[in-house]
Amino acid sequence: MTTAKTPSPRKPRRSKPAAVTTPEKCGTCDGSGETTTTVRVGRKRREIGATQTGLCPTCFGAGTA
């Protein structure tokens, strides 16, 4: 003769939902993920009037710190 199991009188705990936080913006690119630099040419590295954009070296284009 086997004994029948009785159900547990306690309910299982429910975990609290995780707090939703927004990640901080990157200080270098202000959250855009791109940085601009002036174009330099020549042996003496003189600046011309152009700029180029590239990935932010701090956040690698994610925009978050």
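In the predicted model, buried residues account for 11% of the 65 residues in the chain. The accessible surface amounts to about 6600 Å², and carbon and sulfur atoms contribute 52% of that surface. The secondary structure consists of two strands and zero helices. The chain is more spread out than a compact globule, because its radius of gyration is 28 Å, well over the 11 Å that the globule rule gives for 65 residues. Along the principal axes, the C-alpha trace spans about 95 × 25 × 15 Å. Of the contacts with a separation of 6 or more, 39% join residues that are 24 or more positions apart.

The charged residues of the chain comprise 12 positive and 4 negative charges. The mean positions of these two sets are 17 Å apart. The salt-bridge count comes to one. This salt bridge is formed by glutamate 47 and arginine 40, with the closest N and O atoms 3.2 Å apart. Both partners were assessed for accessibility: glutamate 47 is partly exposed, at 49% relative accessibility, and arginine 40 is likewise partly exposed, with a relative accessible area of 42%.

The two strands are S1, covering residues 34-41, and S2, covering residues 46-55. Lysine 44 is placed in the loop between them. This lysine counts as exposed because its relative accessibility is 76%, where exposed means over 50%. Lysine 44 and glycine 31 are 13 residues apart in sequence, and their C-alpha atoms are 33 Å apart in space.

Within strand S1, two residues were examined in detail. Glutamate 34 is located in this strand and is partly exposed, with a relative accessibility of 48%. The C-alpha atoms of glutamate 34 and leucine 55 are separated by 4.7 Å, although the two residues are 21 residues apart along the chain. When neighbours within four places in sequence are left aside, the contacts of glutamate 34 are Cys29, Thr53, Gly54 and Cys56. Threonine 35 also belongs to strand S1. In this case the relative accessibility is 18%, so threonine 35 counts as buried, the cut-off for that class being under 20%. Not counting residues up to four places away in sequence, threonine 35 touches Thr28, Cys29, Gln52, Thr53, Gly54, Leu55, Cys56 and Pro57. Cys29 is thus among the residues in contact with glutamate 34 and among those touched by threonine 35; Thr53, Gly54 and Cys56 likewise appear in the contacts of glutamate 34 and of threonine 35.

The segment before S1 was considered next. Glutamate 24 is found in this segment and is exposed, at 63% relative accessibility. Glutamate 24 and threonine 64 are 40 residues apart along the chain, yet their C-alpha atoms are separated by 5.7 Å. Leaving aside neighbours within four places in sequence, glutamate 24 is in contact with Gly63, Thr64 and Ala65. Lysine 25 lies in the segment before S1 as well and is exposed, with a relative accessibility of 65%. Beyond residues up to four places away in sequence, lysine 25 touches Asp30, Gly31, Gly63 and Ala65. Gly63 and Ala65 therefore occur among the contacts of glutamate 24, given that contact means heavy atoms within 4.5 Å, and they are also touched by lysine 25. By contrast, the C-alpha atoms of lysine 25 and valine 39, which are 14 residues apart along the chain, are separated by 26 Å.

Backbone geometry was examined at two further positions. Most residues other than glycine have a negative phi. Aspartate 30, which is a residue other than glycine, has a positive phi near 60 degrees. This aspartate is found in the segment before S1 and is exposed, at 58% relative accessibility; Asp30 is also one of the residues touched by lysine 25. Phenylalanine 60, likewise not a glycine, has a positive phi of about 55 degrees. The position of phenylalanine 60 is in the segment after S2, and this residue is exposed, with a relative accessible area of 68%.

Definitions and conventions
Residues numbered from 1 in each chain as written. Predicted model: local features only at pLDDT ≥ 70, side-chain atom pairs only at ≥ 80, totals over all residues. Heavy atoms only, no water. Salt bridge = Lys/Arg side-chain N within 4 Å of Asp/Glu carboxyl O. Buried < 20%, exposed > 50% of the residue type's maximum accessible area, 1.4 Å probe, protein only. Helix = DSSP H or I, 4+ residues; strand = E, 2+ residues; numbered from the N terminus. Rg over C-alpha atoms; globule rule 2.2 N^0.38 Å. Areas by Shrake-Rupley, 256 points an atom, 1.4 Å probe, with all protein chains shown as cover. Lys, Arg positive; Asp, Glu negative; His and termini not counted. Charge placed at Lys NZ, Arg CZ, Asp CG, Glu CD.
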